[in-house]
Every structure is written in structure tokens, then in C-alpha cells.
Amino acid sequence: MSGEQTRDRRRRVPRTDAVLADPRLTAAVAALGRRAVKDAVVQAQQRARRGEIPPDAVADAAVAALPRHATSLRPVLNATGVVLHTNLGRAPLSDAARDALHAAAGTTDIEFDLATGQRARRGRGALDALARAVPGAGAVHVVNNGAAALALAATALAAGRDIVVSRGELIEIGDGFRLPDLLAATGARLREVGTTNRTSVRDYEEAIGPDTGFVLKVHPSNFVVRGFTSAAPTRELAGLGVPVVVDIGSGLLTREPLLRDEPDAATALADGAALVTASGDKLLGGPQAGLILGDADLVERLRRHPLARALRVGKLTLAALEATLRGPEPPTREALHRTPAELRARAGELAALLTAHGADAEAVETTSVVGGGGAPDVTLPSWSVALAPRLAEPLRTGDPPVVGRVEHGRLLLDLRCVPPAQDPVLAEAVLAAAGDRD
Ligand SMILES: *Cc1c(COP(=O)(O)O)cnc(C)c1O
């Protein structure tokens, strides 16, 4: 192509202002912001200058390249069979919690009493809901996540002092984060007792002294130790004269019959724990948060500690947490309680529908897991739709993205974590992915 033609083509590429005057792009500026729309326009202009599209197609190309939302985060269908998938954002929120997020998103009475016009206790609705859910707690507090709850307890109650903890409970919680490092970073000293597999009440007793801040019990939430093992129960540690802080991890507030070995806040407090810490976005099924429940004086010390301000949660978290606690059963709990019979029927219907449309699909019996720091040794009988493994990638990159798991040379779409209302969406996604490849 001659230099003359190139110059001519470049001259005919419309200017940015002219392209942005297109009503579709003006509307997009209102929805997505000027920067995102301008980026799409500039890219379309560059394509026109390179001769990839005609100059009069710049506005169309910019519209086609617009992001759908102002956030790059995408809603994903979790067909992995992992109920709490850390890489997929752990617990999905209930519709009630999503509504609450919307209500709290603008200006809201988070710290204001509309009746009196005075300042009010921040997040009192969420705190009240948590206190009601666990009547055995003298007081409650909420921070940014489970790790923050533990860091605040260690800082407020044991900085410069000892935390007595079993060697079998010094865990790594994921992505290289280790609880002992977190605790040491607060200025507390770790006084390790017992061995990896066995720790007795005596071991704790011998380590406790005037420098003890508290005894820490950590639930090994992502592994199990089997064989010649023993651990000291909270009940017995509570009689040793120092506070016992129990990190239960998963956020069960009361017993869950399905998960017999999973500790819960109410039982830990009844057993004499001074404080319980837990995550909000694991088995509780709420937003990312750190729950602190227990002795009123200790909770107040944590709440009043200067570090508490650095760990405090926003109005969105408080809104979603309150709705999770007061509202209907969240999706995590629904996923946990789906029966194999129900999952089998859904997998059968989906497989039949897909087969009728020419896809190679079969309903198969599989197992799902809790995942994400909860019930490491529990498997839940489930049902999946098995597909050709080559569909994994187009499904993942489709709209909506569907994430399954490849096992024994098949792509499994495990239905346990897919809300039944999404089955038609799943079917359409599979057919689109299969069609793209044929
Ligand atoms: C998950 C977990 C944590 C960390 O909680 P985050 O909310 O992820 O910060 C700490 N302790 C235990 C036992 C856990 O299971």
C-alpha cells in the first residue's frame, strides 16, 4: 500500500469528539464513565488507522468493544462442586443480602439515629443480629476478616506477652499465609506446646505463667490428623485461669448436623471460651468479615484498641452480614443441604436436554467438598453433568463464565453449588460452548 493511501485512510478516521457524539457512546459514558468509553474509541481509531476496519465503522467497533460493567469482576457459575471456592469469592450472597447491599450503597443511617437525629452505634443492626444468633455471647464485634479478628485479639490481649498454642494448630490458611507469622507480627510471643499429633491439658498448664496473654485454640480447618492423636478440649482449658480464645474458622454459629466435626461459636462459648473468632464468608454464607464473640469486657477491650479502627468494616459488609443473619437461608447453606436425589434428577434432566440438542452429555454420580477452610474430611454425595473436556475452556471464557472440573478425562459440571434456577443458563452456556467448537 502506498504512503499516499495510508495518509488518506488516516485522514478519514473520525476524531474522538465526533465518535463520542454517537448516542450509544454518550449513553455508555453515563453508565461506564468517560475513561472506559474513550479507551474503546481510541482502540477503534487505531484499528481504522491500521486499515483493519473502515473509518466509518469506528463508532460501531467502539460500541462492540465496550465493557459491560464498570467493574472487571464477572459473575461466575460455580459448577466445581467446591461449596466455598476461595478463588471464586467464597460464599455467594443471598438475594436478601444483595438487596441490603443496594439499600446501603448510598447515604445510609449506619451511624445515625433517624428518630433522635443523634449519632448512633455504628452497625448496630448487624451487631444485634449476631448477638441474637448466639445468645451465649456477652458481646460481639465485627472486623474485616477472620485473620483480622485473630490479629486484633492477639494485639489487644497478648502484645509483649505469651500466646500458648499447640504445635498441631499452627496452620497455614492459604496462599502462603501462616497463622504463627500473623500472630508474631502483632508483637505477641508464641509459646508452642505439645507435638504435631498430640497435646494434653498438662502441656498447656505447664506453659501458663504470669506472662500468658491467652491460650489459643485453632481449628485445623483445611487438614486432618489421623491415627495416634489427641487434643485438649476447650472445656478443660477453660479451667486453667487464663482466657481461652478459640479460632473456629468456618463461622458456624450453631451446630450443623451434616458437619459433625466442625466447631461452632455457641458450643465453644458454652465450653468456656472467652472469645471466639470466625470468618463471615465461609459456612455462615455471608460477606467477608471477621466475627468476634464472647466475654463482654474482652470484646470491649478489642473494640477500644487503636488497631480496631484499622480493621473496621464498611457499611456494605454490615448490611450484607445483617441480611445474612436475619434473612432466608443463604446459598452456601442451600448448597450444603441439597440431597443426592434432587441433584440426580437435575443432572438427568440437563443431560437429556443437552443430548437432545446434539451435545455429548451424561449424568454421573460425583462427590463435592466444602472447601475454603471448612470440614476438610467431609465429602458430599453429588451429581454432575459429564461433558467432553474440550468444553472446559469455552465454558470458562463464555458468558456467563462456567467453571467446572476436569476429572478422569471428563469435564464435570457439579450441580451442588448451582442454584436450580440457573439450570437453563447452564444448559445454554454448554450448547453455546459446544456450538462454538463445531
Ligand atoms: C479461614 C480461616 C482463617 C482466616 O480467615 P479469613 O476470613 O480468611 O481471614 C483463620 N483461621 C481459621 C481456622 C480459618 O479456617
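**View 1. The ligand and the backbone of A147.** How far from an oxygen atom of the ligand does a backbone N or O atom of A147 lie? The distance between that backbone atom of A147 and the ligand oxygen is 2.8 Å. With the ligand taken alone, 380 Å² is exposed, and the protein buries 94% of that; such accessible areas come from the Shrake-Rupley method with a 1.4 Å probe, and for residues only the protein chains shown count as cover. The model is predicted, so that local features need pLDDT of at least 70 and side-chain atom pairs count only at pLDDT 80 or more, whereas totals for chains, interfaces and linings use all residues. Residues are numbered from 1 along each chain as its sequence is written, and side-chain values use heavy atoms, with hydrogens and water left out.

**View 2. The shell around the ligand.** Thirteen residues surround the ligand, and G146, S221, D247, S279 and K282 come nearest among the 13; a residue is near a molecule or strand if one of its heavy atoms lies within 4 Å of it. An oxygen atom of the ligand is 2.8 Å from a polar backbone atom of G146, while a polar side-chain atom of N145 lies 3.4 Å from an oxygen atom of the ligand. Helix α8 (146–158) and strand β10 (244–249) each supply at least two residues of this shell, where helices (H or I, at least four residues) and strands (E, at least two) are DSSP runs numbered from the N terminus. Sorted by class, the shell has four nonpolar, six polar and three charged residues; Ala, Val, Leu, Ile, Met, Phe, Trp, Tyr, Cys and Pro count as nonpolar, Asp, Glu, Lys and Arg as charged, and the others, Gly among them, as polar.

**View 3. The annotated lysine K282.** An unreviewed UniProt entry carries the annotation "modified residue: N6-(pyridoxal phosphate)lysine" for K282; UniProt positions are given in the numbering used here, feature names are shortened, and annotations may be inferred rather than shown by experiment. K282 sits in the loop between β11 (275–279) and β12 (290–294). Because its relative accessible area is 9%, K282 is buried, a class that means under 20% relative accessible area, with exposed over 50% and partly exposed in between (1.4 Å probe, protein chains only).

**View 4. The side chains of T199 and S166.** A polar contact of 2.7 Å joins the side chains of T199 and S166. Such a contact is a pair of N or O atoms within 3.5 Å; within protein, one must be able to donate a hydrogen and the other to accept it, and residues adjacent in sequence count only if both atoms are side-chain atoms. T199 belongs to the loop between β8 (189–193) and α10 (201–207), and with a relative accessible area of 4% T199 is buried.

**View 5. Backbone details at R90, P400 and H408.** In the loop between β1 (77–78) and α6 (95–105) lies R90, whose phi is near 50°, a positive value in a residue other than glycine; R90 is partly exposed, with a relative accessible area of 24%. The loop between α18 (392–396) and β15 (402–403) holds P400, and a cis peptide bond, with omega about 0°, joins D399 and P400. H408, in the loop between β16 (405–407) and β17 (410–414), also has a phi near 50°, a positive value in a residue other than glycine, and H408 is exposed, with a relative accessible area of 74%.

**View 6. The N-terminal region and G51 in the whole protein.** The protein is divided into domain 1 (3–65), domain 2 (77–86 + 333–437) and domain 3 (93–329), with bounds that come from an automatic or database domain assignment. The C-alpha centres of domain 1 and domain 3 lie 53 Å apart. According to an unreviewed UniProt entry, residues 10–49 are covered by the annotation "domain: L-seryl-tRNA selenium transferase N-terminal"; over residues 10–49 the chain is 85% helix and 0% strand, and the end C-alpha atoms are 5 Å apart. G51 is placed in the loop between α4 (34–49) and α5 (58–65), and at 40% relative accessibility G51 counts as partly exposed. Although 247 residues separate G51 and L298 along the chain, their C-alpha atoms are separated in space by 69 Å.
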